[in-house]
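I opened a new page for this one and wrote things down as I looked them up. Here is the structure I was working from.

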Amino acid sequence: MEYYPKIGLEIHIELKTKSKMFCNCKNDPQERHPNINICPVCLGHPGTLPTINQEAVKKTIKTGLALNCEISRNTFFERKNYFYPDLPKGYQISQYSTPLCKNGFLEIEGKKIRIKRIHLEEDTGRLIHEKDCSLVDFNRAGIPLMELVTEPDIESAREARKFAEELQLILRYLDVSDAEMEKGQMRVEANVSLSQKKEVLGTKVEIKNLNSFKAVEKAIEYEIKRQRKILEKGGKIVQETRGWDPAREITFLQREKEEAQDYRYFPEPDLPPLEITQEMIEEIKAEIPELPKQKRERLKREYKLDEKSIEIFIKDKDFGEYFEKVVSEFDPNLSKEKLSRLIKLATNYLTTDLLGLLKGASVKGEDFLITPENFAEFITLIEEGKISSKIAKIVLEEMFKTGADPSQIIEEKGLILITDESEIEKIVRQVISENQKAISDFKKGKETALQFLIGQVMAKTKGKANPKIAKEVLTKILKEIK
């Protein structure tokens, strides 16, 4: 019997602001000393009054606009009442009935995943569990937290992962959050249900606190299999909240799921309603940069890049910007054919050799020494046949270490390419005399023998022979040999 999965995601995102959501305490997720960034407001002391962080409101609206949402012109904060040791007030200031953003969508591989709501709230503190006790760190309490809720439009674990990955990119392009999952800045929860009919929802099970894309995919895959087995045996799915055990790669029961009415939402009496003007919406809209989807389309259109290279430049925004700066250094008056060759060569060296040297580092900042001008010159030297691929690796490594321009490195290290035909001919004849088996193979029609002999010429010259001239000379002499 066929069962159809329906998956909805709830994603919490810590916003990148200077201060917390309702007080002036520093918003610093990197603070390692517990209970440093705290005050009577975020600790929920009696008599304290919250004030709204305007920057957090703007960043939530910006996210909503980027995700095609309607913006609520009149909204307000509410109290969500529940008890937990890391919730100092005994309630959380959140939004329920009127979220800041609603009815949006994010397109994943041509399919629109509807976004039901994006609302703004405050984060809780953090529990640190020891062997015989639990400790509470309130540094995180009160950090602006944006929650995005999708409709149950997602139909596979892979699709859920793709949604989360694309959302993270958008958040980073908007500069509203670093959204680093391993640091808790982006936390995913998945609601999974199975039904025999595509248009009908089954009983949903919520999987909490998935802190990596791998966990999102693996947890949903497991939960779909678990529910299918129960249904195939005639059992019923119980609405519940489950955790994810990454070591055993299974979900496990945590508690029965609370309903919205269990939280006793009511308007926050200490905060005024929010009125979002059209002027404010237009100002925020004007700040939205080029987003990943548009950038993919433009990179393909303008530079004719392959999908793999595009994704490398999209996922690392700084790297993508560096690529475009390199391309801008090429002479615009060059022929289309030559410019196309330079762009393709630059792409290849950036996404292989330079990426290998970077090893996860960034091309942004003082530590990175290769200027776009120098990299463009380096690519031009290769394209014009002035340095071989072997020498290119040496030059690039030296550029990476010192930041020197490629011409200077070539001159100082004696890496100037041999272009004198008579000099190359001497080396070619020496290679031929030392490799009679390869000559015999070539005569038998084995093309690989020619490549081997070219390789030997390049080895003898330590990569300094012009490859094009070496091939021409070698081919000419081989034809003369009977």
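My entries follow, sorted by topic.

**Before starting**

I reminded myself that this is a predicted model.

**Entry 1: the nine-stranded sheet**

I began with the strands and asked in what order the nine strands of the open sheet run. I read the order as E2-E6-E7-E10-E1-E11-E12-E13-E14, and the pairing is mixed. At the edges I found strand E2 (70-71) and strand E14 (250-256), each of which pairs on one side only. I also jotted down a general point: strands of a sheet pair through backbone hydrogen bonds, either parallel or antiparallel.

**Entry 2: strand E1 and its neighbors**

Next I picked strand E1, residues 4-14, and wanted to know how many of its eleven residues are buried. The count is ten, so I wrote E1 down as mostly covered.

Then I checked both partners of E1. With strand E11 (residues 186-195), E1 runs antiparallel, and ten bridges join the two. One contact I marked there is Tyr 4, whose bridge partner in E11 is Ser 195. With strand E10 (residues 144-150), E1 is again antiparallel, this time over five bridges. On that side I marked Ile 11, which has Leu 148 of E10 as its bridge partner.

**Entry 3: E6 and E7**

I moved along the sheet to strand E6 (residues 101-108) and strand E7 (residues 111-122). Seven bridges hold this pair, in the antiparallel sense. Which residue of E7 stands opposite Leu 106? I found Ile 113 there.

**Entry 4: the three-stranded sheet**

I then turned to an open sheet of three strands, in the order E5-E4-E15, with antiparallel pairing. Its edge strands are strand E5 (91-94) and strand E15 (266-267), and each pairs on one side only. I looked at strand E4 (residues 78-81) against E15 and counted two bridges, running antiparallel. Arg 79 stands opposite Phe 266 of E15.

**Entry 5: salt bridges**

How many salt bridges does the structure hold? The total I noted is 37. I looked up three pairs.

The first pair was Lys 16 with Asp 175, where the closest N and O atoms are 2.5 Å apart. This pair links distant parts of the chain: Lys 16 sits in the loop between E1 and helix H1 (54-66), while Asp 175 sits in the loop between helix H2 (157-174) and E11, 159 residues apart. I checked how covered each partner is. Lys 16 is partly exposed at 32% relative accessible area, and Asp 175 is partly exposed at 41%.

The second pair was Asp 245 with Arg 248, whose side chains meet at 2.9 Å, N to O. Are these two buried or exposed? Asp 245 has 18% relative accessibility, so I put it down as buried. Arg 248 has a relative accessible area of 55%, so that one went down as exposed.

The third pair was Lys 285 with Glu 282, with 3.9 Å between the closest N and O atoms. Both belong to helix H4 (residues 278-286), and because they are three residues apart, about one helical turn separates them. I have Lys 285 as partly exposed at 42% and Glu 282 as partly exposed at 39%. I also noted a network, in which salt bridges that share partners join Lys 338, Arg 341, Glu 383, Glu 384 and Lys 386.

**Entry 6: a positive patch**

On the surface I looked for charge and found a positive patch formed by Lys 214, Lys 218, Lys 225, Lys 229 and Lys 233. Where is Lys 233 found? I placed Lys 233 in the loop between helix H3 (213-232) and strand E13 (240-245). Lys 233 has 75% relative accessibility, so I listed it as exposed.

**Entry 7: two positive phi values**

Last, I looked at backbone angles. Asn 35 has a phi near 55°, a positive value in a residue other than glycine. Asn 35 is in the loop between E1 and H1, and at 31% relative accessibility it counts as partly exposed.

Arg 264 has a phi near 50°, again positive in a residue other than glycine. I found Arg 264 in the loop between E14 and E15, and with 54% relative accessibility it counts as exposed.

Note on methods: Residues are numbered from 1 along each chain as its sequence is written. This is a predicted model: local features need pLDDT of at least 70, side-chain atom pairs count only at pLDDT 80 or more; totals for chains, interfaces and linings use all residues. Side-chain values use heavy atoms; hydrogens and water are left out. Patches are made of residues with over 30% relative accessible area and no salt bridge: like charges are joined within 9 Å, nonpolar side chains (Val, Leu, Ile, Met, Phe, Trp, Tyr) within 5 Å. Accessible areas come from the Shrake-Rupley method with a 1.4 Å probe; for residues, only the protein chains shown count as cover. A salt bridge is a side-chain nitrogen of Lys or Arg within 4 Å of a carboxyl oxygen of Asp or Glu. Lys and Arg count as positive and Asp and Glu as negative; His and the chain ends are not counted. The place of a charge is taken as NZ of Lys, CZ of Arg, CG of Asp or CD of Glu. Helices (H or I, at least four residues) and strands (E, at least two) are DSSP runs, numbered from the N terminus. Buried means under 20% relative accessible area, exposed over 50%, partly exposed in between (1.4 Å probe, protein chains only). Two strands pair if DSSP finds at least two bridges between them.
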